[in-house]
Amino acid sequence: MANGLLLNFVLVFAIISAAILVAYRFRFCSIPLLIFLGVLFGPHAPHGTFFDFRLVKETESVAVLGQLGILLLLFYLGLEFSASKVIQRGTTILKGGSIYVSLNFVRGLALGWLFFRSWPETLVVAGITTVSSSAIITKLLVELKRTANPETELILGIMVFEDAFIAVYLSILSGYFMTQGTSAAAGLVAGLATLAFIVGILYLGRFIGPFLDRCLNFRSGEPLIMVIFTLLLAMAWFAEEVGVTEAVGALLLGLVLAETSHAKRLIQLVTPLRDLFGAVFFFSFGMHVDYRQFAPVASLALVAALATVVGNFIAGWLSAWTCSYRGRAPVNVACTIIARGEFAIIAAGLAGTSAAAKIMPPLAALYVLMLAFVNPVLARRTRWIHGELEKIGRFFPRKKAGSLSG
Amino acid sequence: MKQRGVKVAEIKEAELPGLGKKYMVRLDSGERFGIVIYDEGNRELFFFGADEDEPACSVTFTDQEARQVGSIIGGAFYQPKVLEKLEAAVAELHIEWLKISPNAEVAGKSIGDLAVRKKYGITIVAVIEETEKGKKRTAAINPGPGYVFTPGQTIIVAGRRDALEKFERMVTGEGG
């Protein structure tokens, strides 16, 4: 039995390593590949008389590692997020980010309502489709050598704004589902309660911060990582107890610790752990997905992906335009922030209690995979897209054409 | 990073959350280049033509390479012959390379005699000598007050611009 357990681990990590190596070789983000391989080799994998792809079993241990993965992913996100940085960049982030997120969120809500015509599912779909994947997009920016472009500051700024948005949204959503969706009013109250919880923790964090600062003053890394990991687990447990999803608990702890003087050191300590267990999280998400369920949701995923690309293009272009970027820059912004990833998956996982819970994971998986392929293709062709847009612009009165090329 | 001397290039600094930090340098020619320092240590240099928003080309350095290239550009290995003195400026701090002329006031005197720090408020960083083969050799790094200057050596000094100018006259022997 113990041997079987180890063999399962070996297989899981062998497949994950293969995915990471391939992604590294092609300078592509590994998240979609990990999900895909999870689907391909998981317990729902294709199998027939001559072949059997069901290589890895879904054991509790893999699930635990995956859960640690999501905690570390969000903890890291919180650590990296610095409120002072956001305030420093000021109005640009606020303007561009709020336009982008609000337009996308409305589009997500509309899409969800169109699909399911009921509130819980609508909220989940909005969660899946609103926020883009910073992991995929930063990799893409580096690969396309656009990190020094002026509009990249805006893209990354929007991403920071999205992180803040999704933290609040996920907690409200998880609070909403804690009430089992009995009524919209009860859900709303629960959502507001979780919001209060977040604000409370962050407020407390301001006072605990200096105290933690002194407590965590270890020379060696060993006690530090131990204490932090314990705190992380405790926070996740506490969040779950009070009815907020554990991921939000991890995020909050990250946010509190980001304001201490140990943030930089913690980031260094946590990064390898996050890489290791985060990969397991995406893989195990893929394992839960049965590709046979793709057929009924394929059309939904396709519509969602199309709506995301179009809606995203408009939202991205508009926010870049209002932040006074001209020329190809708005097109670059519009075509770059398309991919969805980690947050889509977390949001899909939250749908646990809603009626459409069964179809959410395959829908999210298919949707993430589609956009992961569309995004680089579009982002690479911004020169062409910009050219075509200018051609269209010429049909309109001069002023518009001039502003497009300006 | 706002206002500096007239000569100094305009440098803009920007945070790239999740990636690292970016510095945009506008050159006299109107061309710009961007230096991105990634959190993982690599540096990437991007060249932008005048009024271009897309980089024409780029180059990536590892941390080690970037440090070496940086010190070459900074003049630590070799100073261009055309320039008599090399001037590096970081905000208020100026670093200059001064060659001691035979009739200089400082020649044959020690750092302690000259009371460099007390009188001029500057610091001698290092002294460089030229060997017979024309190669440069560091004679002393952070020399003490007993160190005696000899003509032909090059002194690397750091300090405020006005203080440096006073000291420079004594080293080059002009007006001294």
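His44(A) is buried: 21 other C-beta atoms lie within 10 Å of its own. The cut-off for a buried residue is 20 or more. The model is predicted, and His44(A) is a convenient place to enter it. This histidine sits in the loop between α2 (31-41) and α3 (60-80) of chain A. Which residues does His44(A) contact, leaving aside its neighbours within four places in sequence? They are Val289(A), Asp290(A) and Tyr291(A). Ile338(A) is another matter. His44(A) and Ile338(A) are 294 residues apart in sequence, and their C-alpha atoms are 29 Å apart in space.

Now take chain A as a whole. Chain A has 18 helices and 0 strands. Its C-alpha trace spans about 70 × 65 × 50 Å along the principal axes. For 406 residues, a compact globule would have a radius of gyration near 22 Å; the value for chain A is 22 Å, so the two agree. Of those 406 residues, 49% count as buried. Contacts that reach far along the sequence are frequent in the count. Among contacts in chain A between residues at least 6 apart in sequence, 75% join residues at least 24 apart.

Next come the helix pairs. Two packed helices are described by the angle between their axes and the distance between the axes. Helix α5 (residues 91-116) of chain A appears in both pairs described here. Start with its partner α6 (residues 119-130) of chain A. The two pack at an angle of about 135 degrees, with their axes 7 Å apart. α5(A) and α6(A) are therefore oblique to each other; the class of roughly antiparallel needs an angle over 145 degrees. The crossing of α5(A) past α6(A) is right-handed. On the α5(A) side, the contact includes Val101(A), Phe105(A), Leu109(A), Trp113(A) and Phe116(A). On the α6(A) side, Leu123(A), Val124(A), Val125(A) and Ala126(A) are among the residues met. By class, this contact has 11 nonpolar, 6 polar and 1 charged residues.

The second partner is helix α13 (residues 294-322) of chain A. How do the axes of α5(A) and α13(A) cross, and within what distance do they come? They cross at roughly 160 degrees and come within 9 Å. α5(A) and α13(A) are therefore roughly antiparallel to each other. This crossing is right-handed. From α5(A), the contact draws on residues including Lys95(A), Ile99(A), Leu103(A) and Arg107(A). From α13(A), Leu300(A), Ala304(A), Ala307(A) and Gly311(A) are among the contributors. The residues divide into 12 nonpolar, 7 polar and 2 charged. Leu111(A) and Phe115(A) take part in the contact with α6(A), and also in the one with α13(A).

Helix α7 (residues 134-143) of chain A deserves a look too. Of its 10 residues, 7 are buried, so α7(A) is largely enclosed by the rest of the structure. The buried set is Ser134(A), Ala135(A), Ile136(A), Ile137(A), Thr138(A), Leu140(A) and Leu141(A). After the helix comes Lys145(A), with a positive phi near 60 degrees.

Finally, turn to chain B. Here 15 residues of chain B are in contact with 18 residues of chain A. Three strands of chain B, β1 (10-16), β3 (32-38) and β4 (43-48), each supply at least two residues of the side that touches chain A. β1(B) gives the most, with 3 residues. By class, that side of chain B divides into 7 nonpolar, 3 polar and 5 charged residues.

Conventions. Residues numbered from 1 in each chain as written. Chains lettered and ligands numbered in written order. Predicted model: local features only at pLDDT ≥ 70, side-chain atom pairs only at ≥ 80, totals over all residues. Contact = placed C-beta atoms within 7 Å. Helix = DSSP H or I, 4+ residues; strand = E, 2+ residues; numbered from the N terminus. Nonpolar A, V, L, I, M, F, W, Y, C, P; charged D, E, K, R; others polar. Rg over C-alpha atoms; globule rule 2.2 N^0.38 Å. Buried ≥ 20, exposed ≤ 12 C-beta atoms within 10 Å, placed from the backbone. Axes fitted to C-alpha atoms, helices over the stretch in contact; angles between N-to-C directions. Parallel < 35°, antiparallel > 145°, perpendicular 65-115°, else oblique. Left-handed = near helix turned anticlockwise from the far one by under 90°.
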